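I opened this notebook to keep track of what I look up, one topic at a time. The entries follow the order in which I checked things.

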Amino acid sequence: MSALLTRIKRFSRSPQGRRAMASVRRAAADPRKRSQARRLLGRLRGGHR
């Protein structure tokens, strides 16, 4: 499991990972995108059948 975390850390520090994090932050700041993500998570958790 620690190998996976190491790969995630390495990716997050790379230029591509930084771009991905910036994109996620922008999406999280948008109320419409936030509600879409909340609905998707609810479906994945089985709360919306």
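**Helix 2 against helix 3**

I began with one helix pair: helix 2 and helix 3 (residues 31-45) pack with their axes 5 Å apart, at an angle of about 95 degrees. I noted that the model is a predicted one. Angles of 65 to 115 degrees count as roughly perpendicular, so I entered helix 2 and helix 3 as roughly perpendicular to each other. Next I asked which residues of helix 2 meet helix 3. I found Ala27, Ala28 and Ala29 on the helix 2 side, and they meet Pro31, Lys33 and Arg34 in helix 3.

**Helix 1 against helix 2**

I then looked up the other pair. The axes of helix 1 and helix 2 (residues 15-29) come within 4 Å and cross at roughly 80 degrees. That makes helix 1 roughly perpendicular to helix 2. For the contacts, I listed Phe11, Ser12 and Arg13 from helix 1. They meet Pro15, Gln16, Gly17, Arg18 and Ala20 in helix 2.

**Two residues at that contact**

I took serine 12 next, which is found in helix 1. Is serine 12 buried, exposed or partly exposed? Its relative accessibility is 32%, and partly exposed lies between under 20% and over 50%, so I wrote down serine 12 as partly exposed. Setting aside residues up to four places away in sequence, I found that serine 12 touches Gly17 and Arg18. I also checked a distance from serine 12 to helix 3: the C-alpha atoms of serine 12 and lysine 33 are separated by 22 Å. Along the chain, serine 12 and lysine 33 are 21 residues apart.

From the other side, I looked at arginine 18, which is found in helix 2. Arginine 18 has 56% relative accessibility, and the cut-off for exposed is over 50%, so arginine 18 counts as exposed. Leaving aside neighbours within four places in sequence, arginine 18 is in contact with Ser12 and Arg13.

**Elsewhere in helix 1**

I moved to arginine 10, which lies in helix 1. With a relative accessible area of 57%, arginine 10 is exposed. I checked how far its C-alpha atom is from that of alanine 37, and the separation is 26 Å. Arginine 10 and alanine 37 are 27 residues apart along the chain.

Leucine 5 also lies in helix 1 (residues 2-13). I recorded a relative accessible area of 45% for leucine 5, which makes this residue partly exposed. Which residues join Leu5 in a nonpolar patch on the surface? I found Met1, Leu4 and Ile8. Together the four have about 440 Å² of accessible area.

**The whole chain**

Last, I looked up totals. The protein chain has three helices and zero strands, and its elements run α-α-α from the N terminus on. What does the C-alpha trace span along its principal axes? I noted about 35 × 25 × 10 Å.

I also asked what share of the 49 residues is buried. Buried residues make up 2% of the protein chain. The accessible surface of the protein chain comes to about 4800 Å², and 57% of that surface belongs to carbon and sulfur atoms.

Conventions:
Residues are numbered from 1 along each chain as its sequence is written. This is a predicted model: local features need pLDDT of at least 70, side-chain atom pairs count only at pLDDT 80 or more; totals for chains, interfaces and linings use all residues. Side-chain values use heavy atoms; hydrogens and water are left out. Patches are made of residues with over 30% relative accessible area and no salt bridge: like charges are joined within 9 Å, nonpolar side chains (Val, Leu, Ile, Met, Phe, Trp, Tyr) within 5 Å. Accessible areas come from the Shrake-Rupley method with a 1.4 Å probe; for residues, only the protein chains shown count as cover. A salt bridge is a side-chain nitrogen of Lys or Arg within 4 Å of a carboxyl oxygen of Asp or Glu. Helices (H or I, at least four residues) and strands (E, at least two) are DSSP runs, numbered from the N terminus. Buried means under 20% relative accessible area, exposed over 50%, partly exposed in between (1.4 Å probe, protein chains only). Axes are lines fitted to C-alpha atoms, for helices over the stretch in contact, and angles run from 0 to 180 degrees between N-to-C directions. Angles under 35 degrees count as roughly parallel, over 145 as roughly antiparallel, 65 to 115 as roughly perpendicular and the rest as oblique. Contact means heavy atoms within 4.5 Å.
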